[in-house]
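Reader: I would like a close look at a single part of this structure, its enclosed interior. What lies there, and what surrounds it?

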Amino acid sequence: MQILSVSSLKGGVGKTSVTMGLASAALQQGVRTLVVDLDPHADSTTGLAVKRGSGTEAGQLLRDAKRATLSEHVVRSGWVDLLPEERRSTAKLDVVVGSALSATFDRPDIRPRDMRRLRTLLDGVTGYDLILVDCPPSLAGLTRIGWAASNGVLLVAEPSLFSVAGTERTMRAIRMFSNEYAPQLKSAGVVVNRARADSTEHEYRLLEMERLYKEKLMLPVLEENPFWQQIQGAAYPAHQWPGDQVRDLAKSFDQLLKQLL
């Protein structure tokens, strides 16, 4: 079972969008997936068509990590109901619901024993091929809780100066965190999001990323798509969106998922 934290130390780069795109590809391909929404904004929960008030919130589960059985508290994504009827019984896309309550753990001085809370919850969890942990855009407590439970970190970046610099800082932080707390943790790769083919700046930054990250830079690059915001606003999986407007985007997520698995 692959456990991946989707992370960025810079907000606004589309970290949750990438999480949702991978979840959509996983659902389409029959990969049994659990999304753990650690971000207090709970955008993954909303985007995966989970009604607020469903299930037990991630913050409460972290508080009760030693007593809670995670499988009893996950919620099925509403995306499953959009599949053809013959596929719904075998499809599996579940969510650990996010909420503002998680912010109580998002402290810079979090204790090592608190960092192990998600790992404790995931110990013994079965029935999934992939677990995606959507982390907040910071290196405070919740991100470290996610990293401590994961096999790898998938970094999301934009082709911009500040995002490139933030990704470098994150890669250094992963190495330090792995050495001190989580020897199993590796950098799974860097996904470039919202690239524009007509931008000279983006072209320059992509070349810079190729030089800096080498084999860690994952292809294909995710190009900016004008329909992506509409898809997320409708809480819809990219692979089920009607029309051809997002076909290439969906195929890109298929290729990224294949590499990650």
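Author: What follows starts from one strand, moves to the residues beside it and ends at a cavity.

The model is predicted, with local features taken at pLDDT of at least 70, side-chain atom pairs only at pLDDT 80 or more, and totals for chains, interfaces and linings from all residues. Residues are numbered from 1 along each chain as its sequence is written, and side-chain values use heavy atoms, without hydrogens or water.

Strand S5 covers residues 130-134 (helices, H or I, have at least four residues and strands, E, at least two, as DSSP runs numbered from the N terminus). Five of its five residues are buried, so S5 is largely enclosed by the rest of the structure (buried is under 20% relative accessible area with a 1.4 Å probe, protein chains only). On one side of S5 lie Leu130, Leu132 and Asp134, and on the other Ile131 and Val133; both faces are covered. In a regular strand, side chains alternate between the two faces of the sheet.

S5 has strand partners (a pair needs at least two DSSP bridges). Strand S1 (residues 2-7) runs parallel to S5 and is joined to it by five bridges. Strand S2 (33-37) is also parallel to S5, again with five bridges. Asp134 takes part in both pairings: it is the bridge partner of Val6, and Asp37 stands opposite it.

Asp134 also leads to Asp39, which touches Lys15, Ser99, Asp134, Cys135, Pro136 and Pro137 when residues up to four places away in sequence are not counted (contact is heavy atoms within 4.5 Å). Asp39 sits in the loop between S2 and helix H2 (43-47). It counts as buried because its relative accessibility is 6%. From Asp39 to Gly59 the C-alpha distance is 9.9 Å, across 20 residues of sequence.

Another residue of S5, Val133, is in contact with Leu118, as are Val36, Leu38, Leu62, Ile145, Gly146 and Ala149, leaving aside neighbours within four places in sequence. Leu118 is one of four residues, with Leu34, Leu38 and Leu122, that touch the most other members of the largest nonpolar core, a set of 43 residues (buried Ala, Val, Leu, Ile, Met, Phe, Trp, Tyr and Cys joined through side-chain atoms within 4.5 Å). Apart from that core lies another, of 39 residues, including Val13, Met20, Ala25 and Trp79.

Ile145 is also in contact with Asp114, as is Arg107, again leaving aside neighbours within four places in sequence. Asp114 belongs to helix H5 (residues 112-115), and it counts as buried because its relative accessibility is 2%.

Leu118 and Leu38 also appear in the lining of the largest cavity, together with Val36, Ala58, Leu61, Leu62, Leu70, Val96 and Leu121 (on a 1 Å grid over protein atoms alone, a 1.4 Å probe fits at its points but cannot get out, and lining residues have an atom within 4 Å of a point). This cavity holds about 30 Å³ of space (the space filled by probe spheres set on points joined across faces, edges and corners). The search of the whole structure finds one cavity of 30 Å³ or more. Helices H3 (58-63) and H6 (117-122) each give at least two residues to its lining, and H3 has the largest share, three residues.

Notes. On a 1 Å grid over the protein atoms alone, a cavity is a set of points where a 1.4 Å probe fits but cannot get out, and a pocket is an open set with protein on both sides within 12 Å along at least five of seven lines; lining residues have an atom within 4 Å of a point. Buried means under 20% relative accessible area, exposed over 50%, partly exposed in between (1.4 Å probe, protein chains only).
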